[in-house]
Amino acid sequence: MASLFNGLGVVVVGGQWGDEGKGRIVDALAKECDVTVRFQGGNNAGHSLYFGEKSVVLHLIPCGVVTGRRSLIGNGVVIDPEVLLHEMQTLNGLDVPCHPGVLGISRTAHVILPVHKMLDAEREENSGQKIGTTKRGIGPTYEAKVRRVGLRMGDLVNKKRCEDKISQLIDESPAAKSNKSELVEKSLSFGDTLSPFLTDVGEELEKSLSMKKRILFEGAQGALLDVDHGTYPYVTSSNCVAAQASIGAGIGPKHLTDIWMVTKAYSTRVGEGPFFSELDTVMTEKLRTLGNEYGATTGRPRRIGWLDLPALKYAARLNGATGIVLTKIDVLAELANFSVVTHYHADDGSSLTFGEAMEVWANGGQISTKEKIFAMDEAISRSMSSLKELPRTCRNLCDLIENELQIPIKMVSYGRQRGQEFFS
Ligand code: IMP
Ligand code: MG
């Protein structure tokens, strides 16, 4: 398996709007790696894992934890301690040990407080600009971080630091202020429980690399939700592209040797915002049912579209992808015919890149798409070990992706159970 990778730093990121199936890919790769680390986002993520009879949705703890190997939450992640403790309990209940020998948490990761969740929900419900967030407090927590008033995990273990930070944070929120002492007490009690887990993630990773251990960087969300490069303002509040693995785990970018960008064989998005390859209601319902396309975190029905090559090309460039992972090919293959968006056009007929299309969209213009249609020739097998075993139509789709992106497909998954994937 070693030859599958260029080096010791393997990054798995989303090439669309999240929900590409990164969790199951990380689960499959984790046994080839020694350490898994999350580096951005928070419990807005929902990584579904199916192992045998058991299934679990992880929101915060790296999926690698299921292998029993070292699993780290980096400084770039925002942490809701209540959610974290609940997830640890769930895992323990599934016989997945979650003690300080397995799980490590960065002291400099920021803490999501009730006031952040309140603000997130309030804005979604009452402001003129609805993003369709997960209301988990992600945006307001990152705001506090860049405003330099954020509470960090390390603050939870020092009474004075904790009190000072919380005072400063909730000064502007009268509703939260009345609960200040309760909040301090609760935060300190989280600190008590979590202190054995706190660590310097970057330093641990550096040590692991010096011992030739392989690190798996587990991305959340996807390039098109990236706060800088996504469909702004309909984005999440963190950088989701591969470069963030370095910043959000505390390790230099030279260590990121393999960037595997995951894409579904079609597209989905939850929440508001532009979606140029979006399908009509009939086809959306069909694929939603076939692919069980409901948010793993909020349960919201996902919007559905064809695979969008201009968007994927854009995402591959931003990530610096060295390999593509294609998921849910089995779902697409259920259709007698499917399409892939290959080009965008403006009103005047000129062709547009994804970046140009975003500009046209921002100015209120229309984007039309050109599709390539594929007719399925044969049923897909439930057990395959190479690209050669895919139906010809699916192989043609893989060829199109590789040719357009000029990046090899490294892995294909064709079912949600462990083992329903192969490397190529
Ligand atoms: P937030 O991350 O909760 O602030 O939500 C901002 C946008 O990102 C919304 O459209 C969410 O639906 C979307 N989003 C956040 N996390 C995920 C995810 O893990 N998968 C898919 N969409 C997400
Ligand atoms: Mg998800």
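Start by selecting Asp19, which is partly exposed at 24% relative accessibility. Keep in mind as you go that this is a predicted model.

**The magnesium ion**

With Asp19 still highlighted, bring up ligand 2, the magnesium ion: Asp19 (OD) and Gly46 (O) coordinate this ion at 2.1 to 2.6 Å. Now trace the chain from each of the two. Asp19 sits in the loop between strand E1 (9-14) and helix H1 (22-30), while Gly46 belongs to the loop between strand E2 (35-38) and strand E3 (47-51). The pair is 27 residues apart and links distant parts of the chain. Is Gly46 buried or exposed? Its relative accessible area is 13%, under the 20% cut-off, so Gly46 counts as buried.

**Ligand 1**

Next, select ligand 1 and show the 15 residues around it. Which of them come nearest? They are Asp19, Asn44, Thr134, Thr236 and Arg300, so you meet Asp19 again here, after seeing it at the magnesium ion.

Zoom in on the two threonines. Thr134 places a polar side-chain atom 2.6 Å from an oxygen atom of ligand 1, and a polar side-chain atom of Thr236 is likewise 2.6 Å from an oxygen atom of ligand 1. Then turn on the backbone of Val270, where an N or O atom lies 3.1 Å from an oxygen atom of the ligand. How much of ligand 1 does the protein cover? On its own the ligand has 470 Å² of accessible area, and the protein covers 96% of that.

To finish, colour the shell around ligand 1 by residue type: you will find six nonpolar, seven polar and two charged residues.

Terms used:
Residues numbered from 1 in each chain as written. Chains lettered and ligands numbered in written order. Predicted model: local features only at pLDDT ≥ 70, side-chain atom pairs only at ≥ 80, totals over all residues. Heavy atoms only, no water. Near = heavy atom within 4 Å. Polar contact = N/O pair within 3.5 Å; in protein donor to acceptor, adjacent residues only side chain to side chain. Areas by Shrake-Rupley, 256 points an atom, 1.4 Å probe, with all protein chains shown as cover. Nonpolar A, V, L, I, M, F, W, Y, C, P; charged D, E, K, R; others polar. Donors = N, O, S within 2.8 Å, 3.2 Å for Na, K, Ca; no water. Helix = DSSP H or I, 4+ residues; strand = E, 2+ residues; numbered from the N terminus. Buried < 20%, exposed > 50% of the residue type's maximum accessible area, 1.4 Å probe, protein only.
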